[in-house]
Amino acid sequence: MKQLYNFITIKQPPYRWVVREDIKRLINQALIGRETNLQARQVLKDNNARTLFFTTIPFLGEVFVKQYKLNDWWSILKASWWRSQAMNELLMAKYLHNRDVLSVQPLAVLEKKKMGFYR
């Protein structure tokens, strides 16, 4: 099994970033501390589960973003006690890369702490 990249955790209350180690410096310069500036350039899909859009990030260029929503009590309960949907997706993409399966290259996961839990 081949390890392509490692992820590190950066805590910047109320946010927690899980960032690919090789782009940590770029994410630090472009987004950490300015999380609310993440604006959609072109929205591809918007429903009650998530919003999919492209955005331009300084130093990184154009990236695809999945923003998950917690609308119902079941999704809030799952996010409180288990890994978030974004973290599950990051781990699955990392698993596929380690197995040499062509898939997306995840850059980072951003979770916000609310009522003691990251969501």
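**Exercise 1. The strands E4 and E5.** State in which sense strand E4 and strand E5 pair, and over how many bridges.

*Solution.* Step 1: Strand E4 covers residues 50–57, and its pairing with E5 is antiparallel, over eight bridges. The structure examined here is a predicted model.
Step 2: One bridge can be located exactly, since Ile57 has Gly61 of E5 as its bridge partner.
Step 3: Such pairing has a general basis. Strands of a sheet pair through backbone hydrogen bonds, either parallel or antiparallel.

**Exercise 2. The open sheet.** Determine the order of the strands in the open sheet of three strands, and explain why one side of E3 and of E5 is left without a neighbour in the sheet.

*Solution.* Step 1: The order is E3-E4-E5, and the pairing is antiparallel.
Step 2: Strand E3 (42–46) and strand E5 (61–68) stand at the edges; each has a single partner strand, so one side of each has no neighbour in the sheet.
Step 3: On average, neighbouring strands of this sheet are turned by 20 degrees against each other, direction ignored.

**Exercise 3. The hairpin.** Describe how E1 and E2 are connected and paired, and decide whether E2 is mostly covered or uncovered.

*Solution.* Step 1: E1 and E2 form a hairpin, with two residues between them.
Step 2: Strand E1 comprises residues 7–12, and its pairing with E2 is antiparallel, over six bridges.
Step 3: Ile10 has Trp17 in E2 as its bridge partner.
Step 4: Strand E2 (residues 15–20) is mostly covered, as five of its six residues are buried.

**Exercise 4. Helix H3.** Compare the span of helix H3 with the expected value, and locate its buried residues around the axis.

*Solution.* Step 1: Helix H3 (residues 85–98) has 14 residues and reaches 20 Å from its first C-alpha to its last, which is close to the 20 Å expected at 1.5 Å a residue.
Step 2: The buried residues in H3 are Met87, Leu90, Ala93, His97 and Asn98.
Step 3: These residues cover an arc of only 135 degrees around the axis, and therefore lie on the same side of H3.
Step 4: After H3 comes Asp100, whose phi is positive, near 65 degrees.

**Exercise 5. Salt bridges.** Find how many salt bridges the whole structure contains, and classify the residues of each as buried, partly exposed or exposed.

*Solution.* Step 1: A search of the whole structure yields two salt bridges.
Step 2: One joins Arg20 and Asp22, with the closest N and O atoms 2.9 Å apart.
Step 3: The cut-off for a buried residue is under 20% relative accessible area, and for an exposed one over 50%. Arg20, at 8% relative accessibility, is therefore buried, whereas Asp22, at 54%, is exposed.
Step 4: The side chains of Lys66 and Glu89 also meet in a salt bridge, at 2.6 Å from N to O. This pair links distant parts of the chain, with Lys66 in strand E5 and Glu89 in helix H3, 23 residues apart.
Step 5: Lys66 has a relative accessible area of 34% and is partly exposed; Glu89, with 32%, is likewise partly exposed.

**Exercise 6. The nonpolar cores.** Identify which residues touch the most other members of the largest nonpolar core, and which element gives the most to this core.

*Solution.* Step 1: The largest nonpolar core has 13 residues, of which Trp17, Val19, Ile27 and Leu31 touch the most other members.
Step 2: E2, helix H1 (24–30), E4 and E5 are the elements that give two or more residues to this core.
Step 3: H1 gives the most, with three residues.
Step 4: A second, separate core of five residues includes Phe7, Met87, Leu90 and Val109.

Technical notes. Residues are numbered from 1 along each chain as its sequence is written. This is a predicted model: local features need pLDDT of at least 70, side-chain atom pairs count only at pLDDT 80 or more; totals for chains, interfaces and linings use all residues. Side-chain values use heavy atoms; hydrogens and water are left out. Buried means under 20% relative accessible area, exposed over 50%, partly exposed in between (1.4 Å probe, protein chains only). Helices (H or I, at least four residues) and strands (E, at least two) are DSSP runs, numbered from the N terminus. Two strands pair if DSSP finds at least two bridges between them. Axes are lines fitted to C-alpha atoms, for helices over the stretch in contact, and angles run from 0 to 180 degrees between N-to-C directions. The expected span of a helix is 1.5 Å times one less than its number of residues. The arc is that of the directions from the helix axis to the C-beta atoms. A salt bridge is a side-chain nitrogen of Lys or Arg within 4 Å of a carboxyl oxygen of Asp or Glu. A nonpolar core is a set of buried Ala, Val, Leu, Ile, Met, Phe, Trp, Tyr and Cys residues joined through side-chain atoms within 4.5 Å.
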